[in-house]
Each structure stands twice: as C-alpha cells, then as structure tokens.
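Welcome! Please take a moment to look over the sequence and the 3D view below, and then we can walk through them together.

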Amino acid sequence: MGAMQRRKGKAGELELSRLLRDLLGADVARNLAQAREPGADLLGLPGWAVEVKRAARARLSEWWLQTCQQAESTGQKPALFYRLDRQPWRCVVALRHVATGFESA
C-alpha cells in the first residue's frame, strides 16, 4: 500500500470517527494498534468490528470478506463503512445482526 493510500485511509477513519461521535454520541476513535495486530479500524462501538474504506471504486465483495474475517477473529459483528470519492458514507451490515426474523440469513 502506497503512502497516498495510507493517508486517504487515515483521513477516512478520522472523518468517519468524527461523524459517528457527532451522530451517536459514542466515544469512537481510530484503532492505532491495527497495523501491528488484526482488529477493527475503529473502536468505541461495542459488539461491532468496524472496517473503514475510502476509494474511487467499490470492491464490496473483497471489503466485506475482509470485514467478516476481522469480525470473526474478534468475536464481534461485522460493519463495513465506505465512502467513494464525492459520495456520502454508506454502511454494510448483515441483516441478521440488526433485524429479528433474519437469524438464518
């Protein structure tokens, strides 16, 4: 990963953490240990392993697989937040984690 991609990723994580703090009132922060050991990009949303992506083009299948693998390794539910260039933030979660009646989905 190049320096520009790392800067864009860090900026995306900071932008989303501020947004979630403002909207949810949660103490959301970047996971500074993520480079050394597997884990979520953001901390402060209990029960959720949050992966953050900023990109020009979506690679949802790849990103979702990574998010699910990280969540499984930590025993949490996966949540993928992504923002494409000049687009709003979007979130992908498994329906079974947010709605009743979809437990087997």
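Which residues of helix 2 are buried? They are Trp-63, Thr-67, Gln-70 and Ala-71, where buried means under 20% relative accessible area, exposed over 50%, and partly exposed in between (1.4 Å probe, protein chains only). They cover an arc of only 100 degrees around the axis, taken from the directions from the helix axis to the C-beta atoms, and this puts them on the same side of helix 2. An α-helix has 3.6 residues a turn, so residues three or four places apart point the same way.

A word on what you are viewing: this is a predicted model, in which local features need pLDDT of at least 70 and side-chain atom pairs count only at pLDDT 80 or more, while totals for chains, interfaces and linings use all residues. Residues are numbered from 1 along each chain as its sequence is written, and side-chain values use heavy atoms, with hydrogens and water left out.

**More on helix 2**

The face turned away from the buried side of helix 2 carries the exposed residues Ser-61, Glu-72 and Ser-73. Strand 3 (48-55) and strand 4 (77-84) are included in what covers the buried residues of helix 2. The 15 residues of helix 2 (residues 60-74) should span 21 Å at 1.5 Å a residue, and its end C-alpha atoms are indeed 21 Å apart; the expected span is 1.5 Å times one less than the number of residues. Gly-75 follows helix 2 and has a positive phi, near 70 degrees.

**The whole chain**

The protein chain has two helices and five strands, in the order α-β-β-β-α-β-β from the N terminus on. Here helices (H or I, at least four residues) and strands (E, at least two) are DSSP runs, numbered from the N terminus. Along its principal axes, the C-alpha trace spans about 45 × 30 × 30 Å. Buried residues make up 30% of the 105 residues.

**Cores inside**

The largest nonpolar core has 11 residues in all, including Leu-16, Leu-20, Val-50, Phe-81 and Trp-89. Helix 1 (3-24), strand 3 and strand 4 each supply at least two residues of this core. Apart from it lies another core, of five residues, among them Trp-63, Leu-80, Tyr-82 and Leu-84. A nonpolar core is a set of buried Ala, Val, Leu, Ile, Met, Phe, Trp, Tyr and Cys residues joined through side-chain atoms within 4.5 Å.

Leu-20 touches Gly-25, Ala-26, Val-28, Leu-42, Leu-45 and Phe-81, not counting residues up to four places away in sequence; contact means heavy atoms within 4.5 Å. With its neighbours within four places likewise left aside, Leu-80 is in contact with residues including Glu-51, Lys-53, Trp-63, Thr-67 and Val-92.

**Three residues to compare**

| Residue | Place | Relative accessible area |
|---|---|---|
| Leu-14 | helix 1 | 32%, partly exposed |
| Leu-80 | strand 4 | 0%, buried |
| Arg-86 | loop between strand 4 and strand 5 (90-93) | 76%, exposed |

Arg-86 has a phi near 60 degrees, a positive value in a residue other than glycine. Most residues other than glycine have a negative phi.

Leu-14 and Trp-89 are 75 residues apart in sequence and 13 Å apart in space, C-alpha to C-alpha. For Leu-80 and Ala-56, 24 residues apart along the chain, the C-alpha atoms are separated by 16 Å.
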